[in-house]
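Thank you all for making time this morning. Please have a look at the sequence and the model on the screen, and I will then walk you through a few parts of it.

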Amino acid sequence: MDPYHVSTTRGLGEELGKLLLGIAAKENATYADFRLVHTRNEHVSIVNDNPSSEEADNLGGGIRVLYNGTGWGFADTDETDHDSIREATLKAVSLAKGASKAGSKVSLAREPAHVENWDSPVEKDPFAVSTEDKYEVLREATIRMKEKDVVARRGELFFSTMGKYFANSEGSRIYQNLTHSGTLIIVAAKGPGGIQRRSAQQYMLSGYELVNQMRLPENADELTKDVVALTTAGKCPDGTSD
């Protein structure tokens, strides 16, 4: 896993959680919790022979406050400096105070404090693999689809990591880091039977090892043979059956 991504999300969550939970306590909140979520996404594709890629990186936090045991307030922010977190916390407290005037008594479930760190199993961090290496896998797959009557070829790779830090006023401190990977190849061919398509895809909680497991170039060979055969295949026989 990307050690910078993991350490900064967890470390920042601990820092900001301590700040806002302290503010909520000073405001006499009955209960408060905080979630910090850091997501990173990458999408690499080749359509016919045209490559493209997109990346996104987002960080934000949400704060919930229960006041006087009767009113909830919520605020969120994508600015994670101390002043912004302080402002968002006070906003959540203000909303909770207002809601408490009309709210009914809230009974929280009894739950011990949980302090845990969990990372989804990853053999190979997808973000440690170069974009060029990812393109190379897709190039090989889509080149193998170049056959007579093939009219469209597509290969795509999807990767995401999500670091989630949770802290509440009852002592729980939980960090999770989830990595998802996905693959997709599609080939379309046109013949006497019209346009036919074949595809293979998978998306799961996994690292870059999923790309190797899916054997995209070899799968591309099989799908291309199938789709070309389908364009000249006869129709299924009509009739009644059980």
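**Two helices, three loop residues and a pocket**

Let me begin with helix α5, whose 15 residues should span 21 Å at 1.5 Å a residue, and whose end C-alpha atoms are 20 Å apart, which agrees. Seen down the axis of α5, the buried residues fall within an arc of 145°, so they line one face of the helix. Those buried residues are L216, P217, N219, A220, L223, T224 and V227. As a general point, an α-helix has 3.6 residues a turn, so residues three or four places apart point the same way. I should say at once that this is a predicted model, and everything I describe today was computed from it.

What do the buried residues of α5 pack against? They pack against α3, β5, β6, β7, which covers 194–205, and α4, which covers 209–214.

That brings us to α3, which takes in residues 131–144. Its 14 residues should span 20 Å at 1.5 Å a residue, and the end C-alpha atoms are indeed 20 Å apart, so the two values agree. In α3 the buried residues are K134, Y135, L138, A141 and T142. Viewed down the axis of α3, these buried residues fall within an arc of 130°, so they too line one face of their helix. Their packing partners are the strands β1 (29–47), β2 (50–67), β5 (150–168) and β6 (173–191), together with helix α5 (216–230).

One of the buried residues of α3, Y135, also turns up among the contacts of P51, which touches S45, I46 and Y135 once residues up to four places away in sequence are set aside. P51 lies in strand β2, and with a relative accessible area of 48% this proline is partly exposed. If you would like a sense of distance, P51 and D76 are 25 residues apart in sequence, and 37 Å separates them in space, C-alpha to C-alpha.

Now to the loops, where I have picked out three residues. In the loop between β1 and β2 we find N48, which has a phi near 55°, a positive value in a residue other than glycine. N68 sits in the loop between β2 and β3, and its phi is near 60°, again positive in a residue other than glycine. For background, most residues other than glycine have a negative phi. As for accessibility, N48 counts as partly exposed at 27%, and N68 also counts as partly exposed, at 49%.

The third loop residue is T80, placed between β3 (71–77) and α2 (82–100). Is T80 buried or exposed? T80 is buried, because its relative accessible area is 19% and the cut-off for buried is under 20%. Leaving aside neighbours within four places in sequence, T80 is in contact with L12, L16, L36, L59 and I85.

Let me finish with the largest pocket, in which about 170 Å³ of space lies. Its lining is made up of Y31, L108, A109, E111, P112, A113, H114, F166, N168, E170, S172 and I174. By residue type, that lining divides into seven nonpolar, three polar and two charged residues.

Terms used
Residues numbered from 1 in each chain as written. Predicted model: local features only at pLDDT ≥ 70, side-chain atom pairs only at ≥ 80, totals over all residues. Heavy atoms only, no water. 1 Å grid on protein atoms, 1.4 Å probe; cavity = no way out; pocket = protein on both sides within 12 Å on 5 of 7 lines; lining within 4 Å. Points joined across faces, edges and corners; volume = space filled by probe spheres on them. Nonpolar A, V, L, I, M, F, W, Y, C, P; charged D, E, K, R; others polar. Helix = DSSP H or I, 4+ residues; strand = E, 2+ residues; numbered from the N terminus. Expected span 1.5 Å × (residues − 1). Buried < 20%, exposed > 50% of the residue type's maximum accessible area, 1.4 Å probe, protein only. Arc of directions from axis to C-beta. Contact = heavy atoms within 4.5 Å.
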